[in-house]
Amino acid sequence: MKVQNDAQKQQLQEIGAYLKQIREEKSIRIEEIAAKTLIRLFCLQALEDGRFEDLPESIYVQGFIRRYGDVLGLDGNSLSQKFSDAFPKEEPKTNIEDTPVREKVSIPILPVIYIILVALASFGLFSILNPKQEVSSSSQDQNSVTTNNKTTTNKETVSKPQVSSLASAPTPKPSPTKKAEKSTVEVKLKTKERSWLEVRVDGVEKFKNILEKDKEQSWKGKKEIYIRSGNAGGILISVDGSQLESFGEVGQIKKATYTVDAETPTSEE
């Protein structure tokens with residue numbers, strides 16, 4: 001989470017220290033708070049210690065404070081509002097340039113089926129109208145095979161078979177093909193939950209804001225794509241056309257870099 005001034009930093013430290021003080025006075029272990037609020041233990045410890053650099057965006061921290069306060073029997077909404085006054089809520093922006101445009105391609109199925117049926121019907125009709133031609137052609141083929149067999153037998157009795165020089169020639173082995181090298185790396189995202197996201201393509205920032213639920217985005221880079229999420233469990237990710245998989249756990253802050261050369265991403269939590 002980014003802190004713009006000392007006042008915001010002090011406000012976060014005061015709220016975190018106050019929550020920690022009340023928890024210790026009531027002899028409640030921080031693990032119990034994590035289990036009841038469904039907030040990761042790492043985030044709770046960072047909140048109590050005022051380590052803003054290890055926390056997600058302010059909109060998530062506001063929810064952490066409200067749930068933490070409610071579990072301790074405090075006015076969670078009041079504490080959350082106090083934090084919100086120092087850290088204004090960020091409004092999501094729509095990046096039109098990064099929104100993928102999908103074109104629907106319709107395949108005319110009925111005309112194709114009609115053509116196949118007509119071809120099958122024509123072939124059946126031809127077979128019914130020309131049965132004699134098939135019988136005569138098959139008898140001619142049998143006669144030609146018998147004649148060829150007799151001719152071959154007579155030639156074998158007269159002269160010895162000659163061994164072809166081609167039979168002794170070694171069979172050439174196919175040359176191994178080189179594995180195609182990738183020239184780009186492509187990452188596609190789909191949100192299951194509302195999540196803050198930062199994306200840099202080849203070192204250039206392409207997106208840095210909150211991505212609403214059920215949204216899809218895609219980016220393509222020539223060297224690398226850097227992804228950072230404040231709620232990794234709310235994001236599904238696909239790399240170079242692979243199947244969509246979860247980027248991480250709910251509430252997890254995760255970073256990953258996908259490059260053209262590497263088969264697996266360089267990730268950092």
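**How the helices and strands are described**

Tutor: α1 and α3 are roughly perpendicular to each other, and the model in which they are seen is a predicted one.

Student: What makes α1 and α3 count as roughly perpendicular?

Tutor: The axes of α1 and α3 cross at roughly 110° and come within 6 Å. Angles of 65 to 115 degrees count as roughly perpendicular, and the value of roughly 110° for α1 and α3 therefore earns that description.

Student: Which residues of α1 and α3 make the contact?

Tutor: On the side of α1 the contact is made by L12, G16, A17, L19, K20 and R23, and on the side of α3 by L47, E48 and D49.

Student: How do you know what span is expected for helix α1?

Tutor: The expected span is 1.5 Å times one less than the number of residues, and for α1, which has 20 residues (6-25), this gives the expected 28 Å. From its first C-alpha to its last, α1 reaches 28 Å, which is close to that expectation.

Student: Which residues of α1 are called buried?

Tutor: Buried means under 20% relative accessible area, and the residues of α1 that meet this are Q8, Q11, L12, I15, G16, L19, I22 and R23.

Student: Why are the buried residues of α1 said to line one face of the helix?

Tutor: Seen down the axis of α1, the buried residues fall within an arc of 130°, and so they line one face. What covers these buried residues includes α2 (30-37), α3 (41-49), α4 (58-71) and α5 (76-86). The face of α1 turned away from the buried side carries D6, A7 and E25, which are exposed, a word reserved for over 50% relative accessible area.

Student: How do you know that strands β2 and β3 pair?

Tutor: Two strands pair if there are at least two bridges between them, and seven bridges join β2 (residues 195-201) to β3 (residues 204-211), so the two strands, which run antiparallel, count as paired. L197, for instance, stands opposite N209 in β3. The two strands form a hairpin with two residues between them, and D202 in the turn has a positive phi of about 55°.

Student: Why is one side of β4 and of β7 left without a neighbour in the sheet?

Tutor: Four strands form an open sheet in the order β4-β1-β6-β7, with antiparallel pairing. β4 (216-221) and β7 (245-246) stand at its edges, each with a single partner strand, so one side of each has no neighbour in the sheet. Two bridges join β6 (residues 235-239) to β7, and that number satisfies the requirement of at least two. The bridge partner of L236 in β7 is S246.

Conventions
Residues numbered from 1 in each chain as written. Predicted model: local features only at pLDDT ≥ 70, side-chain atom pairs only at ≥ 80, totals over all residues. Heavy atoms only, no water. Buried < 20%, exposed > 50% of the residue type's maximum accessible area, 1.4 Å probe, protein only. Arc of directions from axis to C-beta. Contact = heavy atoms within 4.5 Å. Axes fitted to C-alpha atoms, helices over the stretch in contact; angles between N-to-C directions. Parallel < 35°, antiparallel > 145°, perpendicular 65-115°, else oblique.
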